[in-house]
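Take a look at the protein below. Follow the chain with your eyes, and then read on.

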Amino acid sequence: MKEQVVCPICGTKFEIEDLFESCPYCEYEYEGITDYTGIEDAKDTPMSPSYNEAKANFAKGLTAYGNPLPKK
């Protein structure tokens, strides 16, 4: 079943079928978390960005992983 979600990093609305799908704009992996208080710097894997790292990259015009953002 598809669900409409909002990316916590860039605000893009997109549909998911399962948890752990990536935002089509900033590439942040949606995990269903709505409150990042206390876990802002946590990483799921060594290669994945934390919430704070993803937000900092987005503020620089980059995806969560540090690649240039696609044009909207």
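Lys-43 is partly exposed, because its relative accessibility is 41%. Keep in mind that this is a predicted model. Which residue does Lys-43 form a salt bridge with? The partner is Glu-53, and the closest N and O atoms are 3.4 Å apart. Glu-53 sits in helix H1, which covers residues 51–59, while Lys-43 belongs to the loop between strand S4 (29–30) and H1, so the pair ties together parts that are 10 residues apart in sequence. Glu-53 has 34% relative accessibility, so Glu-53 also counts as partly exposed.

Why do such pairs form? Side chains of opposite charge can pair when their charged atoms come close.

How many salt bridges does the structure hold? The count is two. Another pair is Glu-15 with Lys-2. Here the closest N and O atoms are 4.0 Å apart. Glu-15 lies in strand S2 (residues 13–16), and Lys-2 lies in the segment before strand S1 (3–6), so this pair ties together parts that are 13 residues apart in sequence. Are these two residues buried or exposed? Glu-15 is partly exposed, because its relative accessibility is 48%. Lys-2 reaches 52%, so Lys-2 counts as exposed. The cut-off explains the two labels: exposed means over 50%.

Now turn to the charges as a group. The protein has 7 positive and 13 negative charges. The mean positions of the two sets are 11 Å apart.

Next, step back to the whole fold. The protein has one helix and four strands. In what order do they come? From the N terminus on, the elements run β-β-β-β-α. The helix therefore follows the strands along the chain.

What about overall shape? A compact globule of 72 residues would have a radius of gyration near 11 Å. The protein has 12 Å, which agrees with that value. Along the principal axes, the C-alpha atoms fill a box of roughly 35 × 30 × 20 Å.

Finally, look at the inside and the outside. Of the 72 residues, 32% count as buried. The accessible surface comes to about 4,900 Å². Carbon and sulfur atoms account for 52% of that surface. Contacts add one last view of the chain. Take the contacts between residues at least 6 apart in sequence. Of these, 24% join residues at least 24 apart.

Methods: Residues numbered from 1 in each chain as written. Predicted model: local features only at pLDDT ≥ 70, side-chain atom pairs only at ≥ 80, totals over all residues. Heavy atoms only, no water. Helix = DSSP H or I, 4+ residues; strand = E, 2+ residues; numbered from the N terminus. Rg over C-alpha atoms; globule rule 2.2 N^0.38 Å. Buried < 20%, exposed > 50% of the residue type's maximum accessible area, 1.4 Å probe, protein only. Contact = heavy atoms within 4.5 Å. Areas by Shrake-Rupley, 256 points an atom, 1.4 Å probe, with all protein chains shown as cover. Lys, Arg positive; Asp, Glu negative; His and termini not counted. Charge placed at Lys NZ, Arg CZ, Asp CG, Glu CD. Salt bridge = Lys/Arg side-chain N within 4 Å of Asp/Glu carboxyl O.
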